[in-house]
Amino acid sequence: MAIDPNQEFLVQPVDASWLQCNIECQEACPVGTNCRGYLNLAAEGRFEEGYLLSREPNPVAAMCAYVCSAPCERACRRGDIDRPLAIRAMKRFLVEWHEASGIPDVIPQITLRDERVAVVGAGPAGIAVAHELAVKGYRVTVFDSLPFAGGTMLIGVPAFRLPREAIEMDVRLVERLGVTFRYNTKIGPDISFETLLRDFDGIAICAGAMDAVGLDIPGAELAGVQYGVDFMKKANLGEPLEVGRNVVVVGGGYTAMDCSRTSLRHGAENVTIAYRRTRSELVVDEEELGETEREGVQMEFLVSPIELLGEDGKLTGVRFIRNKLGEPDASGRRSPVPIPGSEFVVPADSVIPAVSQAADLSFLPVEATFEVARGRLKVDPATYATNVRGVFAAGDFVTGPATLIEAAGHGKKCAYAIDRYLGGRADVTVAANVKITSSWRHDMPEYYDVLPRQHIPMLPVEARMASREPEVNFTTGVELGYSATQAVAESTRCLMCNYNIWFDPFRCVLCGACADVCPEGVIHMIDVNQMKSEGFLPELEEAYGWEQGAAMILDEERCIRCALCVKRCPFDAITMERFELQEISTDGRLYKESYRDAQLAGTPGVAGGAR
């Protein structure tokens, strides 16, 4: 590909921040999981070490292994070349391999403290808060109104996607850290908020957002309307579920997909998902959408319900209007605009609105005068503290409905803030420990560049609903997971973004051999005057005006780290730089690590270590 001689290129200083941002999967993960690290370990067959690396920063790793929204996959650079790594499915393989191996999880040595912390809500955010504080030695008690832990994961996600055993794995680990769970306990009727304020040194409210937002159109009061969160709660707790023959689900998120697939398992014959935006704007991953459609759910895009139709108080259909995309809104998304005269009716005896959820604030004492905005508890974004001393909040209760991994990330940061508050530390700094290793030898795994994304095995559609018992269909898992061979093949596709090409300006003679050999065509020679910088760069200023001055540039986004340019360079002017980072705070926390090599080797009780 020829470079436009008038095109300009922005030059940035290469520092730790720039190098870490190249590892886009880790940067996209709300808990900072070293995805690339555990993929590389799995590619070498070091499954237990890969499991440890995937588990360490993530208090809900087992749940994430099945139902994480996987922002890491959307960020994966391999997706710019063919298809991204199946990072979530790889985590599942490692979790299941570890569980089957019988190797016990290593529990850290904990020095108990006197301070007590109450966590309201045993969902992903609450589990994350409890985990992080327990590791620091706090005596943590988690209160939840449900009979089991998991929160939204327990009552909002169907068992055919998330086995209850995965929730138990994460909860069991937190319990082993010394955390106490008190189930079937409602704040207010069973224990007052005032009691929590009196008996605990700190409180973290992580009560989620499980109140349905009503459908504000005529006919919403008709019999046959069931809101998505209530519908899934009944299904997950085994309560009687009324499902008609023709079901319409309104919404485009995971709850909408789950409601539609659950309806099929409970006897529905025709199920339609109606979404007001386009297919490309759905927030669900491709596997979830693909399996929903394979099971027979019909999709209607760019439509909005305007009226629910009924006879004798019972639902008979939904009147929709078609939309077109208008001008972008404040977030940059193009807003759907109704098309006059495009109305149509879909027959329905059940409608399940799954548009959004809100937090239930009713248990908060009125006299405490918590600050609330848009139905959510306000917190200081830096400290997660409410305006009531000693009370913090995190997760969907603060942000509104988000994903599992976002709630866990929010909970971790909230726990850090509570630790700083109880420890009397106002300022915590994070120091970056960086190591860069140069090499003229770098070999990627064989066939890594041509291996296709490994298909995630799924149960055949006819076997998913083979029983006449809805409970059996509901608990029959759909995704089967990778075999060891598939897992190694998939993880081998990783482009190892912790490696970077480096041109030595004192050795390079601008022969262009590197550009000639590059299989992706990402190395180019340009005029030095095409380079610009946002700030003053002495090297650049000095180069301007050189007669026939040139520079070598490389597109980091599309580089596949094959190292052919390193091997081809006749003057050893090109090296492969391995970047390694540890971010450790002054309060002893490992905020982020991106080591790829044998950091875990020699750890007692894991592969390669003495027992």
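## A walk through the predicted model

Let us start at Glu 300, whose place is in strand S9 (residues 298-301); strands here are DSSP runs of E with at least two residues, helices are runs of H or I with at least four, and both are numbered from the N terminus. This is a predicted model, in which local features need pLDDT of at least 70 and side-chain atom pairs count only at pLDDT 80 or more, while totals for chains, interfaces and linings use all residues. Residues are numbered from 1 along each chain as its sequence is written, and side-chain values use heavy atoms, with hydrogens and water left out.

Glu 300 counts as partly exposed because its relative accessibility is 23%; buried means under 20% relative accessible area, exposed means over 50%, and partly exposed is in between, with a 1.4 Å probe and protein chains only. Leaving aside neighbours within four places in sequence, Glu 300 is in contact with Thr 272, Ile 273, Ala 274, Tyr 275, Arg 322 and Phe 344, where contact means heavy atoms within 4.5 Å. The C-alpha atoms of Glu 300 and Ala 348 are separated by 14 Å, and the two residues are 48 apart along the chain.

Another strand residue to look at is Phe 181, found in strand S4 (residues 180-182). With a relative accessibility of 12%, Phe 181 counts as buried. Beyond four places in sequence, Phe 181 has contacts with Ala 122, Val 142, Ala 149, Val 171, Val 174 and Glu 175. One of these partners, Val 142, is 39 residues away along the chain, yet the C-alpha atoms of Phe 181 and Val 142 are separated by 4.7 Å.

From here we can turn to the nonpolar interior. In soluble globular proteins, nonpolar side chains tend to be buried together. A nonpolar core is a set of buried Ala, Val, Leu, Ile, Met, Phe, Trp, Tyr and Cys residues joined through side-chain atoms within 4.5 Å. The largest such core has 134 residues, and the members that touch the most others are Val 129, Leu 162, Val 249, Ile 418, Ile 501 and Ile 523. Helix H16 (residues 404-423) supplies the largest share of this core, nine residues. Val 129 is worth selecting on screen: not counting residues up to four places away in sequence, Val 129 touches Val 119, Ala 204, Cys 206, Gly 411, Cys 414, Ala 415 and Ile 418. There is also a second, separate core of 22 residues, including Ile 205, Phe 363, Leu 377 and Ala 393.

Next come the helix pairs. Two packed helices are described by the angle between their axes and the distance between the axes. Axes are lines fitted to C-alpha atoms, for helices over the stretch in contact, and angles run from 0 to 180 degrees between N-to-C directions. Helix H3 (residues 35-43) packs with helix H7 (residues 87-101) at an angle of about 55 degrees, and their axes are 11 Å apart. H3 and H7 are therefore oblique to each other; angles under 35 degrees count as roughly parallel, over 145 as roughly antiparallel, 65 to 115 as roughly perpendicular, and the rest as oblique. Cys 35, Tyr 38, Leu 39 and Ala 42 of H3 meet Ile 87, Met 90, Lys 91 and Leu 94 of H7. By class, this H3 and H7 contact holds seven nonpolar, no polar and one charged residues; Ala, Val, Leu, Ile, Met, Phe, Trp, Tyr, Cys and Pro count as nonpolar, Asp, Glu, Lys and Arg as charged, and the others, Gly among them, as polar.

H3 has a further partner in H4: their axes come within 8 Å and cross at roughly 170 degrees, so H3 and H4 are roughly antiparallel to each other. Gly 37, Tyr 38, Leu 41 and Ala 42 of H3 meet Phe 47, Glu 49, Gly 50, Leu 53 and Ser 54 of H4. In the loop between H3 and helix H4 (47-55) sits Gly 45, which is partly exposed at a relative accessible area of 41%. The C-alpha atoms of Gly 45 and Thr 485 are separated by 9.5 Å, with their positions 440 residues apart along the chain.

Finally, two loop residues deserve a look at their backbone. Most residues other than glycine have a negative phi, and most peptide bonds are trans. Arg 374 has a positive phi of about 55 degrees although it is not a glycine, and lies in the loop between strand S16 (372-373) and strand S17 (376-377). Arg 374 counts as exposed at 76% relative accessibility. Leu 510 has a positive phi near 60 degrees, is located between strand S20 (499-503) and helix H20 (513-517), and is partly exposed at 32%.
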